[in-house]
Amino acid sequence: MSVSLFLAVLAVLSFAGFHLGRSRAVVSAGGRLSRLHSVPSYYGLYVAMWVGLPALMLFALWTGLEGSIVDGMVRSSLPAAMAGLSPQEINLIMVDIHNLAYGNITSRVPDPALLTAAEHYKSLRGIGNGALAVVMLALACAGLYYARQRIEPGLRARNQVEKVVNIFLILCSLVAILTTVGIVLSLLFEAIRFFTKVSPAEFLFGLQWSPQTAIRADQVASDGAFGAVPLFTGTLLIASIAMVVAVPLGLMSAIYMSEYAPPKVRGSVKPVLEILAGIPTVVYGFFAALTMAPFVRDVGQSLGLSVSSESALAAGVVMGVMIIPFVSSLSDDIINAVPQSLRDGSYGLGATKSETIRQVVLPAALPGIVGGVLLAVSRAIGETMIVVMAAGLAANLSANPLDAVSTVTVQIATLLVGDQEFDSAKTLSAFGLGLVLFTVTLGLNIIALRVVQKYREKYD
Amino acid sequence: MTDIISTPRAAAPYQTDDFSARLKKRYAAERRFKLYGMAAIGVALAMLAVLLASIVSQGYTAFAQHDLALEIHFDPAEIDPQGTRDPDTLSDANYAALARNALLAVFPEVESRADRRRLTAMISNGAAFELRQMVMDDPSLIGTRKSVNLALASDYDQLLKGNIDRHVPETDRKVTDQQIAWIDKLVSNGNIVNGFNWRLFLNGDSRDPELAGLKAGIVGSFLTLLVTLGLAIPIGIAAAVYLEEFAPQNKLTDLIEVNINNLAAVPSIVFGLLGLAVFLNALNMPRSAPVVGGIVLALMTLPTIIISGRAALKAVPPSIREAALGVGASPLQVVTHHVLPLAMPGMLTGIIIGMAQALGETAPLLMIGMIAFIVDTPSGFGDAATVLPVQIFMWADSPERGFVERTSAAIMVLLAFLIAMNAIAVVLRKQFERRW
């Protein structure tokens, strides 16, 4: 039975449970619905929950565990000749067994032992599925019986149903925490494995990044260098170019929009500017690589400068354009939050509009704007596609915006794309970089959110 | 009769030259400042215009394609010598030869082997598959003659579109003078037809630009978004409702709030690392599959949905809740019967914005292996699949001239989807918005 069939059967049973429970409640009230504690539908829902939820939980538990249980049983039944193999080889054999069982192509000519193992695997899965179906059905029926028995006019069905819904709501809100925990744990776990191979000091302060590690011991250039400083500087270089573009443009357009623009202009220009924020980053990357980079190179060459074909400048400028709406909408909010009385006071003293903005509004809005800019910086640091497509792969330790530099996100992406094995320092280093990226952006975000919030409270 | 009246008044401070010079300067500064603002908006809008213009100008040509219209003889001796109509025989036949013979028939004067090979290189590799498909679909074609539009190899398509310059020296371009002469003869014979490029929408990915299409990417994006929708909407709405309507003010809910705000600003690639480490390595879920992609994108878009959902719930006036509570509804009934329906349009906008974000996202999907070269259209949530933005990324990396055009066209398709989604969001908001 497939997953969808399981779920469909369960849905049908729950639906039936709903109607059974509802009609039973109506009957038990003896025609006077006011005798019931809750509205009849709640009795239906009560039964449906008893039918559906236990079986669903079992189903989720089983789908989560089935793979490893069955694998373990097949593994222990492998012939003794295979027992001496290394874990990696056993894993390869397991993959072949899976492929054989599903009729896919295998990496080797199947020998009889493998075929029997595959048969074994297939039969175990079959038994597992059958048993699951039987147990789920039994659970659903038991739930139906139990819940239906309990229905009587005094049953507080609504409260019970609401309790379950409340638990569901709480679980859903916990997903955010779970996600954060998952991110932190997965990054930490893999990064610690990386740091057992490469010392954290070398990683954080080393000046050389070339993560190519040898597959054979005698290979040329066999030991990779994992000094991430060139990546940090590259990231900072591109992010600062982006901020140089985004902050003045974003801030000035926010000022114009909130202080000068007539409502009509504001109403039409604002959504158009927001299109910039909605364009996928891969599109910006394509634009940066195909239009901006050659343009920068041609201009540079006509000025007699040597510009590499993948310059930090091109990637940074395009990233800056991407961030403009982010900066402008954040500053717009904050400028609008400055109370009108401050402006009126300034006008009353005879200041012009621009003087008011520069000397009253902006200083008042400054902390909020700084917070917004910090958020934008964290965005620029974490941006991937533009730099993957338009910045270089070679990690140069350079502050020249016309050079090709590489960034943290570029390295993460290139290290983990394609097939990898997860015990080499090369792939694990991506998680070390990910940890740094996460920590830095998290720190920036926390500071920025604090600053923005604190500022906003002032005029409330 | 006092001194004050009779004393000549000193010149008012605003009448001095000094003052008017200062005033002039201040007004000039005012005008300049306003101009800076307009210039900033102008630059931003100009960048948007340049971006869109460069994509459209590079990509619009990909929607049309030149085909080679050839009179194909479905030669029974070539396809099915025994006349058994056995599907295996039919599928193994040499269809490339049919196309080659048809093209050589147009150029009887081409004699030497080398020339013939260069001539037949103008037919795309995909032509044989297209012919095979026609015969497999309708075996009665065997033995007949029919004019068929076959894909022209990309370089010649680019030549006819003017993307390859005829006037540069022969050594600097991919097409020889002789081949240009052949193409010109085909054009004057009427063997080249220019039509809508159906292959762009009906084919999967291919290494040959003239055959590469978006179908696999579109279907993959659709499946991935379906998973994202299925997870993000119920979880997002439930979380927003809990936090806004039921949650007590305590450490736990504070923690949840801080977490949601922070998650909204975590770089997307970190979500990819999460997917790789947890879903692929720890839980052994299938690589490159829409399920995993959908889950990762759902986790990524959840903060957006929750934050906008809470804003929408907050906008529902308390009087509604109080009235419902007053007639005896339970808190949950208040929410499900009154608050949620009223907040739904606002929540919907947040959901659509989140979905648009998910549709355009690339980096986390690269991490979970959705970058695999996929020709077949995925048929389920566990199949290896690719999505539109990843396909754009892969095509952008391809060196062939034909792929530049295709990439731009794919971007236009993606933007069209995004604009459609946003338009729906705007319409829905307009339709259901209620002012209190």
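Helix α2(A) is the biggest giver to a nonpolar patch in this predicted model, putting in three residues. The patch sits on the surface and adds up to about 480 Å² of accessible area. Two spots in chain B are worth a look as well: E361(B), which is buried without a salt bridge, and S288(B), a non-glycine residue with a positive phi.

**The nonpolar patch on chain A**
- Its members are V3(A), L7(A), L53(A), L56(A), M57(A) and V164(A).
- Two elements of chain A each give two or more residues to it: α1 (3-28) and α2 (40-76).
- Take L7(A), which belongs to helix α1 of chain A. Its relative accessibility is 35%, so L7(A) counts as partly exposed.

**A buried glutamate on chain B**
- You'll find E361(B) in the loop that runs between α16 (331-360) and α17 (363-367) of chain B.
- What is the nearest side chain of opposite charge to E361(B)? That's R379(A), and the distance is 7.6 Å. A salt bridge would need the charged atoms within 4 Å.
- Leaving out residues up to four places away in sequence, E361(B) touches S268(B), L297(B), M300(B) and P389(B).

**A positive phi on chain B**
- S288(B) has a phi of about 60°, and it is not a glycine.
- Where does S288(B) lie? Look in the loop between α13 (268-282) and α14 (290-315) of chain B.
- Is S288(B) buried or exposed? With a relative accessible area of 6%, S288(B) is buried, because the cut-off for buried is under 20%.

Notes
Residues numbered from 1 in each chain as written. Chains lettered and ligands numbered in written order. Predicted model: local features only at pLDDT ≥ 70, side-chain atom pairs only at ≥ 80, totals over all residues. Heavy atoms only, no water. Helix = DSSP H or I, 4+ residues; strand = E, 2+ residues; numbered from the N terminus. Buried < 20%, exposed > 50% of the residue type's maximum accessible area, 1.4 Å probe, protein only. Lys, Arg positive; Asp, Glu negative; His and termini not counted. Contact = heavy atoms within 4.5 Å. Patch = residues over 30% accessible without salt bridge, like charges linked within 9 Å, V, L, I, M, F, W, Y side chains within 5 Å. Areas by Shrake-Rupley, 256 points an atom, 1.4 Å probe, with all protein chains shown as cover.
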